[in-house]
Amino acid sequence: GSSFPVCARPAAAMVLRLIAIIALARGQPVPDEQTAQQKALFAYHEERARAASAAATADVLQFLESDEFREVLRDCCADIAHETSMELLQRYRDEARSAELAHAFPANALASVWPDVTLKEMDFPWFLNEWQAALLQESFNTTGGPQVVNDLMQQQLYGCKAFKGPKPTWKEAAERLIYIAHNMRRIDFASIPSFGDVSAIFNTTYVQKMVIIAPYDTGQYGMACKHEGVPKGFPTPELNCSSWREVLGTLEHLDHLILPNLEMFGNWTAPGPSLSLNRTVKDHVRSLFQRSGISTARYEALPPEDIMEAMQYLEANILGNPRLPSSVKFLIGNVATLFGTVDGRRLQLLAQRWGWPLFWGMAGVLTQKSKMLIESFPGQRRFGDPVVGQLNATGSEEHFRELWMQVEHLRSTRNVTNADLDALWQQLSESQLLVEPLKASNPCPDHCVARALSGPCVCRENSRGQQNQQIVLV
């Protein structure tokens with residue numbers, strides 16, 4: 001029953017400062033990194049999250065102590081099955097705070113499921129949200145589909161102001177958010193492959209005071225639970241809508257999101273119909289605790305992932321206009337769609353221009369029936385790009401270029417298959433820097449971006465003046 005805050009105008013000194021530093025990006029003024037309205041919304045949600053998280057802790061501990069949960073844990077994750085509920089909860093909190101914050105976007109507008117930033121718009125001095133991208137691309141659909149449900153959920157759940165006209169002004173667009181998949185399951189591509197060809201991984205230290213979290217994808221939630229913006233004939237998932245009281249969280253305060261995240265897509269006894277494909281809470285517990293940094297399992301030994309489990313991410317959106325290049329830590333390209341292509345080369349050039357390391361995730365080939373479906377994919381095949389460099393470790397550039405040319409030739413004759421990706425991985429894994437996402441239980445310094453499967457931290461070369469020993473694979 002709480003109302004969202006309304007902001008006062010910024011102080012005169014702030015206005016003068018903004019006038020002094022204002023710059024133009026393709027004729028548009030650079031917005032505040034976090035507008036007054038966005039700061040007020042963060043403060044509002046943070047206060048609610050603090051209270052809701054504290055109130056939920058006892059229920060979470062009870063769940064972690066339950067026979068059903070312990071049965072799954074003994075079966076999937078014997079390495080941590082002996083830990084107390086409090087130890088497991090603290091592990092969850094730590095890994096949630098350090099998990100990658102990923103925004104997947106298409107390489108070009110032709111590949112997009114909805115308007116989003118593409119490689120072309122990544123030369124702006126800030127990371128554009130979908131509304132700013134739509135203004136540039138003149139792409140609006142106000143009758144149904146993702147834009148409609150996203151707009152309504154941003155208003156109803158996050159408290160963003162409604163646009164006054166059929167499309168936003170640049171000033172209105174700057175008040176909105178950037179969608180983020182929270183990569184607790186440590187997927188190699190970091191987000192859902194159907195969301196785009198490239199994942200930008202944000203610097204958590206930089207954006208943490210902008211991050212507001214929902215326990216589930218709010219587009220799916222809006223369609224299934226609010227019945228908003230559902231395209232004709234679109235199969236909405238059967239969600240357990242009552243599992244969440246619509247209180248958002250932050251990276252510091254998220255205990256109240258843990259159970260809704262696990263329960264939204266199923267329950268202990270009766271598997272849900274429709275798109276849930278007979279998943280239960282037990283399945284989600286198994287997937288999350290196996291694949292996340294909570295477990296001590298080796299990354300390369302993790303079980304395969306599929307789209308239904310991958311979709312169970314926390315939606316950890318950024319309420320701001322984070323600056324480039326500082327707010328982004330590195331990029332990940334989707335091998336299935338970009339390796340050996342012109343857009344893949346453009347991605348390499350973008351990473352080099354901004355000084356970002358580039359990794360590649362194998363992901364998987366999307367089914368032809370729907371851009372939103374993928375059978376299953378290994379999900380633990382990530383490697384560094386030796387052409388882009390920027391790191392204290394590298395694989396064989398010569399072999400990388402050779403394989404790139406082979407795939408380029410293959411694409412000129414037919415479509416790439418998952419079998420092709422498997423064969424390519426066998427070759428890449430012999431010569432490239434194989435890495436896993438960082439985890440709180442085995443941390444690296446803040447300027448590091450991954451951990452090599454061979455053990456060492458993989459870090460931005462000479463970042464913050466540090467001299468790093470080269471790890472070269474031959």
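Axes here are lines fitted to C-alpha atoms, for helices over the stretch in contact. With that in hand, the predicted model can be read helix by helix, starting with helix 2 (residues 36–65) and helix 3 (residues 67–76), whose axes lie 5 Å apart and pack at an angle of about 55 degrees. Angles from 65 to 115 degrees would count as roughly perpendicular and those under 35 as roughly parallel, so at about 55 degrees helix 2 ends up oblique to helix 3. On the helix 2 side, the contact is made by Phe63, Leu64 and Glu65, and on the helix 3 side by Asp67, Phe69 and Arg70. Sorted by type, the residues of this contact come out as 3 nonpolar and 3 charged, with no polar ones.

Another helix pair is formed by helix 10 (residues 255–263) and helix 11 (residues 281–291), whose axes come within 8 Å and cross at roughly 115 degrees. Here helix 10 puts in Asn261, Leu262 and Glu263, while helix 11 brings Val281, His284, Val285 and Leu288. The split for this contact is 4 nonpolar, 2 polar and 1 charged.

Helix 10 deserves a further look. Of its 9 residues, 8 are buried, so helix 10 is largely enclosed by the rest of the structure. The buried set runs through Asp255, His256, Leu257, Ile258, Leu259, Pro260, Asn261 and Leu262. Two of the residues that helix 10 puts into the contact with helix 11, Asn261 and Leu262, thus turn up in both lists. The cover over the buried residues of helix 10 includes helix 11, along with helix 2, helix 4 (85–98) and strand 6 (211–214).

On to the rings. The count of aromatic pairs comes to 17. In one of them, Phe339 and Trp360 have ring centres 5.6 Å apart and planes at 85 degrees; since anything over 60 degrees qualifies, the pair is edge-to-face. This pair links distant parts of the chain, with Phe339 in the loop between helix 13 (335–338) and helix 14 (342–354) and Trp360 in strand 9 (residues 358–361), 21 residues apart. Both Phe339 and Trp360 are buried.

Phe339 also pairs with Phe400: the ring centres are 5.3 Å apart and the planes stand at 80 degrees, so this pair is edge-to-face too. Again distant parts of the chain are linked, as Phe400 belongs to helix 15 (residues 397–413) and is 61 residues away from Phe339 in its loop. With the limit for burial at under 20%, Phe339 counts as buried because its relative accessibility is 0%, and Phe400 does so at 1%. Together with Trp404, the residues Phe339, Trp360 and Phe400 form one aromatic cluster.

A ring features in a charge contact as well: the charged end of Arg176 sits over the ring of Phe163, 4.0 Å from the ring centre.

Last up is Trp425, found in helix 16 (residues 418–431). Its relative accessibility is 10%, so Trp425 counts as buried. Setting aside neighbours within four places in sequence, Trp425 is in contact with Met362, Arg381, Arg382, Phe383 and Leu434. As for Met362, 63 residues separate it from Trp425 in sequence, yet the C-alpha to C-alpha distance between the two is 7.7 Å.

Notes
Residues are numbered from 1 along each chain as its sequence is written. This is a predicted model: local features need pLDDT of at least 70, side-chain atom pairs count only at pLDDT 80 or more; totals for chains, interfaces and linings use all residues. Side-chain values use heavy atoms; hydrogens and water are left out. Axes are lines fitted to C-alpha atoms, for helices over the stretch in contact, and angles run from 0 to 180 degrees between N-to-C directions. Helices (H or I, at least four residues) and strands (E, at least two) are DSSP runs, numbered from the N terminus. Angles under 35 degrees count as roughly parallel, over 145 as roughly antiparallel, 65 to 115 as roughly perpendicular and the rest as oblique. Contact means heavy atoms within 4.5 Å. Ala, Val, Leu, Ile, Met, Phe, Trp, Tyr, Cys and Pro count as nonpolar, Asp, Glu, Lys and Arg as charged, and the others, Gly among them, as polar. Rings of Phe, Tyr and Trp (its six-membered ring) pair if their centres lie within 6.5 Å; planes under 30 degrees apart count as stacked, over 60 as edge-to-face and the rest as tilted. Buried means under 20% relative accessible area, exposed over 50%, partly exposed in between (1.4 Å probe, protein chains only). A charge sits over a ring if NZ of Lys or CZ of Arg is within 6 Å of the ring centre and within 35 degrees of the ring normal.
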